[in-house]
Amino acid sequence: MIRAVSAMRYRVRVDSDGGQQELELDAADDAQLRQSVADMGLSLIEATPLEKRKGGFTFRKPVFERALFTQELIALLEAGLSLVETVETLRDKSRDGLNRTVLAQIVSALYEGEPLSRALERQPAHFPPLYVATVASAEQTGHLAEALKRYHHYDARLSVVRKKVVSSMVYPSIVIATGALIVLFLAFYVIPKFSQVFASMKEIPFSARVMLAWGNLVEAHGGLLLAGVVGAIVGAGLSLRSEKVRARLFEAFMRLPKLADYQRLFALTRFYRTLGLLLAGGMSMVTSMELAAQVLPAQLQTALAQALDEIRAGKPLSGALPAANLTTPVAERLIRVGEQSGELAGMVTRSAEFCDEELDRAIDTLMRVVEPVLMLVVGSIIGTIIFLLYMPIFQLAGAVG
């Protein structure tokens, strides 16, 4: 009986086709970590163990560690254990909690004679349809470990793309948050203190009267005003937890110039990776595209439905996708070459890599524009407030002179 070793989380820097990236992976030791990185088609540059979080109160919802489950499942299957023994081993080494509960339900389904794909399908909250489809295709060929490796590689690649998009928003968020704090400090502390300079004057400029009125309002109801501002911020944060609110904000955000093109490029990257994964697993073209449609936004799903109708009618993929505006010039040529050479799955995945590179360039270009514009906007707001503070003094000095 193999004794399972508890996994440790590592922050790794890897070298990929799109340049150096940072990921967080789980592995039992350095050897398993290097093997996992190699299986994803990446080159390990540096690995740093992350300390496990200490016990305490947390508001974070428990999440099933699907990536760790996949890695360990691959390792134990390749070690020669049967599927039932593998899942039982993972269950036994898991502590009480969500992970153990999920694994126990999988073991129970396997003992009832259900295939693994059906056992996973019973838990849609933890295993997406694409994961289930990958396992189901592998059950037909008998190469479960290889199929899971492909999915793990796919998931890691998509994680890299998501991290690029999220990390590109960090700097703008910091600038906006810092600017907002400075404005609040000026509005609730500096202006009320400064406005008292004009309180004893009879004839003062309009801007000074406005500041004096604001200062008196803050002095009388400052706590209530500040509580209202904080409540509005907290309310906005809580509303962002709603999927409907996030979807509407995202839709409005994507109406800005160029951002719709970037959203389409990101969606095509996910679509090509998903389609390539399913085709490599031996699924038919129509079934693969129907499953891959789930990663596309609603407007592109309509276009994909049109492409599916044409494929069912006998049109090749290289002709159906361009007609539905679901490709790029490079991807169109790669898919055509893949159909001619019989390597369609590999060429579709290669198309995703080209979309990755184009998305990288688009994000870099966008950030070169957004960062200085944000600095200019925040600086202008703060500068205007400071100018309004000193302008009455300049006017009074001019009048006296």
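# Exercises on packing and pairing

The structure holds eight aromatic pairs. Rings of Phe, Tyr and Trp (its six-membered ring) pair if their centres lie within 6.5 Å; planes under 30 degrees apart count as stacked, over 60 as edge-to-face and the rest as tilted.

This is a predicted model, in which local features need pLDDT of at least 70 and side-chain atom pairs count only at pLDDT 80 or more, while totals for chains, interfaces and linings use all residues. Residues are numbered from 1 along each chain as its sequence is written, and side-chain values use heavy atoms, with hydrogens and water left out.

## Exercise 1

Classify the ring pair Tyr131 and Tyr151, and place both residues.

Step 1. The ring centres of Tyr131 and Tyr151 are 4.7 Å apart and the planes stand at 75°, so the pair is edge-to-face.

Step 2. Locate the partners. Tyr131 is in helix 6 (residues 129–141) and Tyr151 in helix 7 (residues 144–168), so the pair links distant parts of the chain, 20 residues apart. Helices are DSSP runs (H or I, at least four residues), numbered from the N terminus.

Step 3. Check burial. Buried means under 20% relative accessible area, exposed over 50%, partly exposed in between (1.4 Å probe, protein chains only). Tyr131 has 1% relative accessibility, so Tyr131 is buried. Tyr151 has 4%, so Tyr151 is buried.

Step 4. Widen the view. Phe64, Phe69, Phe127, Tyr131 and Tyr151 form one aromatic cluster.

## Exercise 2

Classify the ring pair Phe185 and Tyr189, and decide whether each partner is buried, partly exposed or exposed.

Step 1. The geometry is 5.5 Å centre to centre with 25° between the planes: Phe185 and Tyr189 are stacked.

Step 2. Both sit in helix 8 (residues 170–195), four residues apart, so about one helical turn separates Phe185 and Tyr189.

Step 3. Phe185 has 48% relative accessibility, so Phe185 counts as partly exposed. Tyr189 has a relative accessible area of 46% and is partly exposed.

## Exercise 3

Describe the salt bridges of Glu72 and Glu78.

Step 1. Apply the cut-off. A salt bridge is a side-chain nitrogen of Lys or Arg within 4 Å of a carboxyl oxygen of Asp or Glu. The structure holds 13 salt bridges.

Step 2. Glu72 bridges to Lys93, with the closest N and O atoms 2.8 Å apart. Glu72 lies in helix 2 (residues 66–78) and Lys93 in helix 3 (residues 83–93); the pair links distant parts of the chain, 21 residues apart.

Step 3. Glu72 has 11% relative accessibility, so Glu72 counts as buried. Lys93 is partly exposed, at 28%.

Step 4. Glu78 bridges to Lys149, with the closest N and O atoms 2.5 Å apart. Glu78 lies in helix 2 and Lys149 in helix 7, so this bridge ties together parts 71 residues apart in sequence.

Step 5. Glu78 is partly exposed, with a relative accessible area of 46%. Lys149 is buried, at 17%.

## Exercise 4

Start from the Arg118 salt bridge and find its network.

Step 1. Arg118 forms a salt bridge with Glu114; the closest N and O atoms are 3.8 Å apart.

Step 2. Arg118 has 43% relative accessibility and counts as partly exposed. Glu114 has 21% and is also partly exposed.

Step 3. Bridges with shared partners join Glu112, Glu114, Arg118, Glu121 and Arg122 into one network.

## Exercise 5

Map the nonpolar cores, then look at one member of the largest.

Step 1. A nonpolar core is a set of buried Ala, Val, Leu, Ile, Met, Phe, Trp, Tyr and Cys residues joined through side-chain atoms within 4.5 Å.

Step 2. The largest core has 70 residues; Ile106, Phe271, Tyr272, Met289, Leu317 and Leu321 have the most contacts inside it. Helix 11 (residues 259–280) gives the largest share of this core, nine residues.

Step 3. A second, separate core has 14 residues, among them Val175, Ala208, Met211 and Val378.

Step 4. Take Leu317. Contact means heavy atoms within 4.5 Å. Not counting residues up to four places away in sequence, Leu317 touches several residues, including Leu275, Met285, Met289 and Glu339.

## Exercise 6

Is Arg273 buried or exposed, and which residues does Arg273 touch?

Step 1. Arg273 is found in helix 11.

Step 2. Arg273 has 4% relative accessibility, so Arg273 counts as buried.

Step 3. Not counting residues up to four places away in sequence, Arg273 touches Tyr154, Arg157, Leu158, Thr349, Ala352, Glu353 and Asp356.

Conventions:
Helices (H or I, at least four residues) and strands (E, at least two) are DSSP runs, numbered from the N terminus.
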